[in-house]
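Reader: I would like to go through this model with you element by element. Could we take the sheet, then the core, and then the helices?

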Amino acid sequence: MPYQHIQFDLDESGVALVTVNRPDKLNALSRGVIQELDHAAGRIAEESAIRAAIVTGAGEKAFVAGADINELAALTAVEARAHARRGQQVFRKLETVPKPVVAAINGFALGGGLELAMACTVRFAAENAKLGQPEVKLGIIPGYGGTQRLPRLVGPGRALEMLLSGDPVTAAEAWRIGLVNAVVPQAELLNYSRAWLQKALANAPLALGLVLEAVDVGLNSGLEEGLRFEAAAFGVSAASEDRREGTRAFLEKRRPVFAGK
């Protein structure tokens, strides 16, 4: 589909750069943006040429500064529920992509913007970034997963502090509480994200996907179910061509060449 609200670029290493491109609206999440992110997530998951992705925002002010308030203000209760479920489904689709996805947070990540970032595998923030869930200041609550993912990342106490006050935190504070994985100068953010992905992508693609799935299963189904899945996934990885190549390369003291099989 042709994109009007995002940009989708694929580099020669197989890393897709997905840029929410509404800088005049601080990259707010309109219905159109959500629809295009849904399509982009499907491409990342399904296209073999795409090995990983970076999600970011256009310009230097905002990653995504929240939902489109003009759209939200006109919703009925029934429409608002459907609107929330649609966003949740799209972010869940992104979250379960069997490839690493980096959120490169280049500015404000508020409301739906933070919810989008939390659906990514890891989060790297520019020094000027501010992150928060300010929905209570508008008389609403997060609707795209904020009440669920934020406590899982930073613990219920820190999450409730942010959710109930609605106040944003700085990039440095977000790093301190574990909400982001690193803080770097804005000019270095994309290069840092790409460098981290290249380290991850040097490993076996099948193993990467199984790790992502195992962590997701454990977090959402509990320890016992997670352990059962881990054992089954370990069996799959142990029978793979990548395992044979990886162990052979280790013994031969050379770099492995993984095929993703």
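**Strands, core and helices**

Author: In this predicted model, strand 5 and strand 7 (residues 122–126) are paired in the parallel sense, and the pairing runs over four bridges.

Reader: Which residue of strand 7 stands opposite V102?

Author: Strands of a sheet pair through backbone hydrogen bonds, in either a parallel or an antiparallel arrangement. Strand 5 is also joined to strand 3, with which it runs parallel, by three bridges, and there V102 is the bridge partner of I54. Towards strand 7, the residue standing opposite V102 is V122.

Reader: Which residues of strand 5 are on the side with V102, and are the two faces covered or open?

Author: In a regular strand the side chains alternate between the two faces of the sheet. In strand 5 (residues 101–105), five of the five residues are buried, so the strand is largely enclosed by the rest of the structure. V101, A103 and I105 lie on one side, all of them buried, and both faces are covered, the other side carrying the buried residues V102 and A104.

Reader: Which strands stand at the edges of the sheet?

Author: The sheet is open and is formed by six strands in the order 1-2-3-5-7-10, with mixed pairing. Each edge strand has a single partner strand, so one side of each is left without a neighbour in the sheet; the two are strand 1 (6–10) and strand 10 (182–184).

Reader: In which sense does strand 1 pair with strand 2, and over how many bridges?

Author: One point of reference is Q7, which stands opposite T19 in strand 2. Strand 1 and strand 2 (residues 15–20) pair in the antiparallel sense, and the number of bridges is five.

Reader: What angle does the direction of helix 1 make with that of strand 1?

Author: Helix 1 (residues 31–46) packs on the sheet, where it touches strand 1, strand 2 and strand 3 (52–57). Between its direction and that of strand 1 the angle is about 15 degrees.

Reader: Which element gives the most residues to the largest nonpolar core?

Author: In soluble globular proteins, nonpolar side chains tend to be buried together. The largest nonpolar core here has 46 residues, of which L37, F63, F91, I105, L131 and L179 touch the most other members. The element that gives the most to this core, with six residues, is helix 1.

Reader: Which residues does L37 touch, leaving aside those up to four places away in sequence?

Author: L37 is among the residues that touch the most other members of that core. With residues up to four places away in sequence not counted, L37 touches I6, V18, V20, L29, V90, F91 and L116.

Reader: Is R92 buried, partly exposed or exposed?

Author: R92 is found in helix 3 (residues 77–95), and beyond four places in sequence it touches R149, D216 and N220. Its relative accessibility is 31%, whereas buried would require under 20% and exposed over 50%, so R92 counts as partly exposed.

Reader: How is helix 9 oriented relative to helix 10?

Author: Two packed helices are described by the angle between their axes and the distance between the axes. Helix 9 (residues 205–221) and helix 10 (residues 223–238) pack with their axes 7 Å apart and at an angle of about 165 degrees. Their crossing is right-handed. Angles over 145 degrees count as roughly antiparallel, so helix 9 is, relative to helix 10, roughly antiparallel.

Key. Residues are numbered from 1 along each chain as its sequence is written. This is a predicted model: local features need pLDDT of at least 70, side-chain atom pairs count only at pLDDT 80 or more; totals for chains, interfaces and linings use all residues. Side-chain values use heavy atoms; hydrogens and water are left out. Two strands pair if DSSP finds at least two bridges between them. Contact means heavy atoms within 4.5 Å. Axes are lines fitted to C-alpha atoms, for helices over the stretch in contact, and angles run from 0 to 180 degrees between N-to-C directions. Buried means under 20% relative accessible area, exposed over 50%, partly exposed in between (1.4 Å probe, protein chains only). A nonpolar core is a set of buried Ala, Val, Leu, Ile, Met, Phe, Trp, Tyr and Cys residues joined through side-chain atoms within 4.5 Å. Angles under 35 degrees count as roughly parallel, over 145 as roughly antiparallel, 65 to 115 as roughly perpendicular and the rest as oblique. A crossing is left-handed if the near helix is turned anticlockwise from the far one by less than a right angle, and right-handed if clockwise.
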